[in-house]
Amino acid sequence: MYFTGKSLLQIRSAFTTLKSFSTKPSIFQQTVNRLKSKSPAPLKTYSIANVSRFLASSPHENITSIQVKKRPLRKKKTELSSPGVFNVVAFATSEEYNLESLVEGLQKQDLYEPQTIPNAHDVVHGLAKYKVENEPREIFFFRDGGVVLWNITDMESSNVLNFLKPYQQDSYAERVVQAESEIMNYKYHTEAAKASGLDKEGNFVLSADLENDTTNLTKYTFSNAMFLSVKLGIWEASLDKYIDEIEDVTDDLRRGQKINMTREEVLRKHGELFALRHYLNLSSDVLDTPDFYWENEQLETLYNQVCVYFCINKRSKVMNEKINHCVALIELLSHHLSDKHHVRLEWFIIILIMVEVLFEIVHYIDRFMH
């Protein structure tokens, strides 16, 4: 079989075109480069490879895994059994209570009389109908999924927690509920002129000359701050669990190994972080004083005093810093997986163009052979 000079030149031109596709950037890549040259300078980012090289060149090359400092368990008070000293316990069992249905359940149970707190619409005050001793037994149910029990025994407390289960939404694990609970002791001043507050031992001290309504407001103030501390402890435990789940990813980054997470998993992790940040900064009173205390300066001072005792502001700041660190890591993973996806698309386009060129070459050869 013989080829004319013209046919040889056409075949040579086709092979030259095929070679150019393997050496020059693809049409898709050229378009991307043109768009990048017209867009403003992006924020400085670091790829997975850069992070891996940085960690590998660090002075801590002998570290086998990235160590994460665990949240130390706060020292909890123990219940005292001395005369004139009573206990108050706070639990956070779910994200929210259905208070309307809960009030109906209390009325049917007929053990506690549901009452309201003036200007506080997200709490129900339950007063025990049957007295065991002179000190009343009281319970505060908060819509945000918490309950604070005053002068309640352990057995009665367990019964109350079981009673709350039908009215809970997004319940927490029983182990977390018990681990993050708070117990405090309270007593009354021996001198009637002294105001309510915290003593040097960290006990709640109520004024002896308070009227019944004022005593309820004071107990509500103590309960509100105490419940906020418990709720914050639940979120801290959730964040610790989240950090444990992504701890292996940081170790893979240090070793330069493949990241075993899909784009959907990274997006879900991103959503979990923003949901936790939303609960902490927008849906709670962690960063601000509730509106209830604006009209009562004395109760506001008492509320802030208890919040300082539980280190609410400091714990919330530490938690936000941890969330920011986790967000940076998840965004790094998201950018890395997006880059891999874009590179895969470019290779698909290159392969398709090469296949088209091969078909054209075969077509030219077949036409000139016949």
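Helix H4 spans residues 99-109, and its buried residues are Leu99, Leu102, Gly105 and Leu106. These residues lie on the same side of H4, because they cover an arc of only 110 degrees around the axis. The face turned away from that buried side carries two exposed residues, Gln107 and Lys108. The model is a predicted one.

What do the buried residues of H4 pack against? Their partners include four strands: E2 (94-97), E3 (112-117), E4 (120-128) and E5 (138-142). Helix H5 (154-164) is a partner as well. After H4 comes Asp110, and the phi of Asp110 is positive, near 60 degrees.

Phe141 picks up the thread from H4. Leaving aside neighbours within four places in sequence, Phe141 is in contact with Leu99, Leu102 and Leu106, among others. Leu99, Leu102 and Leu106 are also among the buried residues of H4. The contacts of Phe141 further include Asp122, Val123 and Val124. Gly146, Val147, Val160 and Leu164 are on the list too.

Phe141 also stands out in the largest nonpolar core. That core has 81 residues, and Phe141, Val147, Phe204 and Tyr220 touch the most other members. Which element gives the most to this core? Helix H7 does, with 17 residues.

Next come the aromatic rings. A pair of rings is described by the distance of the centres and the angle of the planes. The protein has 15 aromatic pairs. One of them joins Phe86 and Tyr186, with 5.4 Å centre to centre and 35 degrees between the planes. This pair is tilted. Phe86 sits in strand E1 (residues 86-92) and Tyr186 in strand E8 (residues 182-188), so the pair ties together parts that are 100 residues apart in sequence. Is Phe86 buried or exposed? Phe86 counts as buried, because its relative accessibility is 16% and the cut-off for buried is under 20%. Tyr186 is buried too, with a relative accessible area of 0%.

A second pair, Phe142 and Phe227, is stacked. The centres are 4.9 Å apart, and the planes make an angle of 5 degrees. Phe142 belongs to strand E5 and Phe227 to helix H7 (residues 212-255), so this pair links distant parts of the chain, 85 residues apart. Phe142 counts as buried at 5% relative accessibility. Phe227 counts as buried at 5% as well.

Phe142 and Phe227 also take part in a cluster linked by ring pairs. Its other members are Phe140, Tyr220, Phe292, Tyr293 and Tyr303. Tyr220 connects two topics here. Tyr220 is in the ring cluster, and Tyr220 is also among the core residues that touch the most other members.

Now turn to residues 347-365. The UniProt annotation "transmembrane region", from an unreviewed entry, covers this span. How much of residues 347-365 is helix? The span is 100% helix and 0% strand. Its end C-alpha atoms lie 27 Å apart. Further along the chain, Arg367 lies over the face of Phe368, at 5.6 Å from the ring centre.

Finally, the whole protein. It has ten helices and ten strands. Buried residues make up 41% of its 370 residues. Among contacts with a separation of 6 or more, 71% come from residues 24 or more positions apart.

Methods:
Residues are numbered from 1 along each chain as its sequence is written. This is a predicted model: local features need pLDDT of at least 70, side-chain atom pairs count only at pLDDT 80 or more; totals for chains, interfaces and linings use all residues. Side-chain values use heavy atoms; hydrogens and water are left out. Buried means under 20% relative accessible area, exposed over 50%, partly exposed in between (1.4 Å probe, protein chains only). The arc is that of the directions from the helix axis to the C-beta atoms. Contact means heavy atoms within 4.5 Å. UniProt positions are given in the numbering used here, feature names are shortened, and annotations may be inferred rather than shown by experiment. Rings of Phe, Tyr and Trp (its six-membered ring) pair if their centres lie within 6.5 Å; planes under 30 degrees apart count as stacked, over 60 as edge-to-face and the rest as tilted. A charge sits over a ring if NZ of Lys or CZ of Arg is within 6 Å of the ring centre and within 35 degrees of the ring normal. A nonpolar core is a set of buried Ala, Val, Leu, Ile, Met, Phe, Trp, Tyr and Cys residues joined through side-chain atoms within 4.5 Å.
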